[in-house]
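Colleague: Could you take me through the salt bridges in this one, slowly? I'd like a close look at who pairs with whom and how covered the partners are.

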Amino acid sequence: MKKVFILVLGFCLSSSVLANVKGLSLSVYGGMFLPFQPNLSDTWSEPYLKMPYLYTIENKYHDTISTTYGMRIGYYFFNKSGIYISYDTTNKDYSARYVGKYPNPKSPNILRTLEVEDNIRFNIFETSIGFKHKYVNNKQIVGETFIGITVFHGTPTFLKDITVFETKNHKFVKLKSTYFFDKHFHTVGINAGMDLYKKIYKGLKLGLVLKYVYGNFKIEKEERDNFIVPLQSFKVMFGLMYSI
């Protein structure tokens, strides 16, 4: 996938250098994103203390509608076809609920339950390059479709582990500390969409941007199942475009 990204980048840069028709534009936009998979689960079991019995952690995450914004530079090397480079930031906001079930040291068949609620926030950054095409082009209105390759990167702060301590009567366990993933991940995906802008003053235009992005983070965990964080979402944004 990295080789494909390099080839597309090289083609786009060479096309812009050899272009005979100038059409440079700068867009800034912002709005909200709608996650396609708002509910995530991450569950694992391990031996509790030195007992041959397992404790289980069940994590439930719910992704909410949040904000996204970015900018895009475009260049038309033909009348209706061109290239673009964009950079977006998406603010992810998960409500989280952790449920731990721990065997009682004196009666292992009795499970004590510990519930913790939290809020997970982190940013996903998207660097994209691709092709765009004008489907509407007159003095007052400009409409484009676009498709390209996106490199996602960010630090998803999902729960990594929980430690607890026992009460004297072993009827309850209490939360001692929580640990979160702090590794920076990156992956390659795609983006596609369309926009429609109306002229408001000379080269300045106001419009609507619709964008779909697809990708995922693969969080690898030792002796546990991998945790897949989906990044696919649908973005609805308003933007300003200035073209030369």
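Modeller: Let's fix the term before the pairs: a salt bridge here is a side-chain nitrogen of Lys or Arg within 4 Å of a carboxyl oxygen of Asp or Glu. Keep in mind that this is a predicted model. There are 14 salt bridges in the structure, and I'll walk you through three of them.

Start with E115 and R97, whose side chains meet at 3.1 Å, N to O. This pair ties together distant parts of the chain, with E115 in strand β6 and R97 in strand β5 (residues 81-103), 18 residues apart. How covered are they? E115 has 48% relative accessibility, so it counts as partly exposed, because that label covers values from 20% up to 50%. R97 is partly exposed too, with a relative accessible area of 34%.

Now go to R72 and D195, where the closest N and O atoms are 2.5 Å apart. Here the link again joins distant parts of the chain: R72 sits in strand β4 and D195 in strand β10, 123 residues apart. R72 has a relative accessible area of 5%, and since buried means under 20%, R72 is buried. D195, at 1% relative accessibility, is buried as well.

The third pair is K132 with E144, a salt bridge of 3.4 Å from N to O. K132 belongs to strand β6 and E144 to strand β7, twelve residues apart, and this pair too links distant parts of the chain. Both partners are under the cut-off for buried: K132 comes out at 3% relative accessibility, and E144 at 1%.

Here's the bit I'd look at on screen: R72, K132, E144 and D195 are linked in a network of salt bridges. So put the two buried pairs up together, R72 with D195 and K132 with E144.

While you have those strands in view, check what else they take part in. β4 and β10 each supply at least two residues of a nonpolar patch on the surface, as do β1 and β14. That patch includes M71 and I73, and about 1200 Å² of accessible area belongs to its residues together. β10 also supplies at least two residues to the lining of the largest pocket, which holds about 300 Å³ of space. β6 and β7, for their part, each give at least two residues to the lining of the second largest pocket, with a volume of about 190 Å³. K134 is one of the residues nearest the centre of that second pocket.

Note on methods:
Residues numbered from 1 in each chain as written. Predicted model: local features only at pLDDT ≥ 70, side-chain atom pairs only at ≥ 80, totals over all residues. Heavy atoms only, no water. Patch = residues over 30% accessible without salt bridge, like charges linked within 9 Å, V, L, I, M, F, W, Y side chains within 5 Å. Areas by Shrake-Rupley, 256 points an atom, 1.4 Å probe, with all protein chains shown as cover. Helix = DSSP H or I, 4+ residues; strand = E, 2+ residues; numbered from the N terminus. 1 Å grid on protein atoms, 1.4 Å probe; cavity = no way out; pocket = protein on both sides within 12 Å on 5 of 7 lines; lining within 4 Å. Points joined across faces, edges and corners; volume = space filled by probe spheres on them. Buried < 20%, exposed > 50% of the residue type's maximum accessible area, 1.4 Å probe, protein only.
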